[in-house]
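Me: I have a model open and would like a close look at a single part of it. Could you take one helix and walk me through its surroundings?

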Amino acid sequence: MSKIITSATNITGKRHRTLPARAIAIEDLRLMARRRLPKVVFDYVDGGADAEVTLNANRAAFDTLTFRPRHAVAVPQCNLQTRVLGRDLALPVLLAPVAYSGLIHTGGELAAAQAASKAGTVYILSTLSGQRIEEIRAGCAGSLWYQVSLLGGREAAEAAIERAKNAGFSALVVTIDSPTNGNRERDLRNGVLELVFQDRLLPKIPFLWQLLARPTWLADFWRNGGMPPLQNVLSPGGGPTPINKIGSILTYQVTVWEDLRWIRACWNGPIVVKGVLTGDDARRAIYEGAGAVVVSNHGGRQLDGVQASLRALPEVVAAVNGEAEVMMDGGVRRGTDVIKAICLGARAVLCGRAYAYGLGAAGEAGVARALAILRSDLDRTLRLLGCESTAMLDRSYVD
Ligand code: FNR
C-alpha cells in the first residue's frame, strides 16, 4: 500500500497533488470526478445510450467470468509488457480516444497523453479535440495514435491525417460504430444541446445551475477561454470548427468500408478499426487493410442492446485467426478485467472512462493515478494467478 501512495505523490501535479493518492480503485477517482465536475460534464463521461443496458452489460460480463488460478506457484517477477503494432508497451492498457477531454480538465488531451507517455503506453487522440495534433506531439514523448472521424467531410479528414503523419503519430484509428450519435439521455436531460450547441443565452438558463454549483471547475474553464473549437477539424474556410457548429455537420460522420480505401491511400502506417463486434466485420476490416481491430461498443454509448465487448471478443479472435492484432474495450475498471480480456485472446485493452475519471478528478495526476492503480492490480493479479507474464495468459486461466 505504501508503495502505491508513494508512486502517486511523486507525480508533478500542483493543486491536485494529494487528491488522487487517496484513490485506491478507479471507483474512487469516479467519485472524486463527480465532486469536481458539473453534473452535465460528469454525466457526459459516465453515461451511456438509451437505457444503458450495454453500458452495464460491459461491466457485468467481467464480473461473471471467474479465474482458475495455479496455486503454490512462486512468481518473483511479473512481466506486464506487450507488443502492439510493432511497439513495446510497458503495460497492456492504452488510453482510448475520449472526445472533448478539455471539458473534463483544462488541457485534458495533453494531460492524458503525458500520463500515458510516462507510464509507457499509447494515447489515442480523438478527432473531437480542443488541442492541436502538433501541440500534443510537442508536449509528449510517447507513442501517439490518431482517431480519425469523418466529421467535417473527407477533405477535413485528409488534412488531419496529413498533419498526424507529419507530427509522427504512429497509427490511425478508424471508428466504425458511430454513423450518428447514440441517444445519450442523461446528456439531453442535463441540457447539453442548450449549453453547447445553442448560441442564445435564454435556452441555457435552466441548466446553468450545474456550472455554478462547481465554481472551481467553472473558474478554470473560464480562465482558459471556455470551450475551444475543434482544432483538428478545419472548416471550409480553413479555421478550426467552433463546437456549436458541429451539430450541422454531424450527418457527414458516417464511415463506410469504402472509406478505408482512400484512408489507406493517404496513410501508410498501421490502421486500427475500432468498433468491431462480429467475426464478419473483423474479417472485412482485415480485408480492407486493418492491422488491428478493437472489439468495442463505444463503452455502451452508441447502439444500446448490443452485447458486452468481452462477450463478443472470442468470436472476433476466432474469425481473425491471427491475421491481425485484437484489442478490446468497454467496462475495464480493474486489472482483473484486463487479465480476463487477455485470457480470452486480447493482446491489450483500451480504457476510456477509467482514465477520464482520473482526468476529471485531478488532471494529469489523476490519469497517472488511474494507470498506477491498473498497473498494481495487474502485477498482483498475475502473482495470485500463479502466472509470471501477461504473454503466458490463455483461456486455461478462466472458466
Ligand atoms: C468515448 N469514446 C470515443 N470513441 C471514439 O472512437 N471517438 C471518440 O471521440 C470517443 N469519445 C468518447 C468520449 C467519452 C466521454 C467516452 C467515455 C468514450 C469511446 C471510447 O474510445 C471507448 O471505446 C470507451 O470509452 C470504452 O469503454 P469504457 O472504458 O469507457 O468503459
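What follows is a walk around one helix, and then outwards to the rest of the chain.

Me: Let's take α16. Which of its residues are buried, and what covers them?

Reply: Sure. Keep in mind that this is a predicted model, and that everything below is computed from it.

Let's start with the helix itself. In α16 (335–343), the buried residues are Gly-335, Asp-337, Val-338, Ile-339, Lys-340, Ala-341, Ile-342 and Cys-343. That makes eight of nine, so the rest of the structure largely encloses this helix. Notice that an aspartate and a lysine, Asp-337 and Lys-340, are on that buried list. Just past the end of the helix, Gly-345 has a positive phi of about 115°.

Now for the cover. The elements over the buried residues of α16 include the helices α4, α15 and α17, along with the strands β3 (93–95), β11 (325–329) and β12. Three of these are worth following: α4, β12 and α17.

Take α4 to begin with. This helix runs over residues 53–64, twelve in number, and spans 16 Å between its first and last C-alpha, close to the 16 Å expected at 1.5 Å a residue. Its buried residues are Thr-54, Leu-55, Ala-57, Asn-58, Ala-61 and Phe-62. They pack against α16 and also against α15 (309–320), so the contact between α4 and α16 turns up from either side.

The loops on both sides of α4 each hold a backbone oddity. Most residues other than glycine have a negative phi. Glu-52, in the loop between α3 and α4, has a positive phi of about 60° without being a glycine. Ala-72, in the loop between α4 and β1 (82–84), also has a positive phi of about 60° and is not a glycine either. Their surroundings can be read from the neighbour counts: Glu-52 is partly exposed, with 17 other C-beta atoms within 10 Å, while Ala-72 counts as exposed, with 6 C-beta neighbours inside 10 Å.

Next, β12 and α17, which lead from α16 to the ligand. The shell around the ligand has 26 residues, and the closest are Ala-96, Ala-99, Ser-126, Gly-299 and Gly-352. Elements giving two or more residues to this shell are α3 (39–46), β12 (348–351) and α17. Of these, α17 gives the most, with three residues. By type, the shell splits into twelve nonpolar, ten polar and four charged residues. So two of the elements that cover α16, namely β12 and α17, also contribute to the ligand shell.

Helix α17 has a further role in the packing. The largest nonpolar core has 126 residues, and those with the most contacts inside it are Leu-172, Val-293, Val-316 and Val-349. The largest share of this core, 18 residues, comes from α17, which covers residues 353–385. As general background, nonpolar side chains in soluble globular proteins tend to be buried together.

Leu-172 is a good place to see the core from inside. Leaving out residues up to four places away in sequence, Leu-172 touches Trp-145, Tyr-146, Val-148, Ile-161, Ala-164, Ile-263, Trp-267, Gly-269 and Ile-271.

From there, look at Leu-144, which sits in strand β5 (residues 144–148). Leu-144 counts as buried, with 22 C-beta neighbours inside 10 Å. Its contacts beyond four places in sequence are Ala-113, Tyr-123, Leu-125, Ile-136, Arg-137, Phe-169 and Ser-170.

Finally, step back to the whole chain. There are 17 helices and twelve strands. The radius of gyration is 20 Å, close to the 21 Å from the globule rule for 399 residues, so the chain is as compact as a globular protein of that length. Along the principal axes, the C-alpha atoms fill a box of roughly 65 × 50 × 40 Å. Buried residues make up 52% of the 399. Among contacts with a separation of 6 or more, 72% join residues 24 or more positions apart. The helix we began with fits into this picture with eight of its nine residues buried.

Conventions. Residues numbered from 1 in each chain as written. Predicted model: local features only at pLDDT ≥ 70, side-chain atom pairs only at ≥ 80, totals over all residues. Core = buried A, V, L, I, M, F, W, Y, C linked by C-beta atoms within 7 Å. Buried ≥ 20, exposed ≤ 12 C-beta atoms within 10 Å, placed from the backbone. Helix = DSSP H or I, 4+ residues; strand = E, 2+ residues; numbered from the N terminus. Contact = placed C-beta atoms within 7 Å. Near = placed C-beta within 6 Å. Nonpolar A, V, L, I, M, F, W, Y, C, P; charged D, E, K, R; others polar. Expected span 1.5 Å × (residues − 1). Rg over C-alpha atoms; globule rule 2.2 N^0.38 Å.
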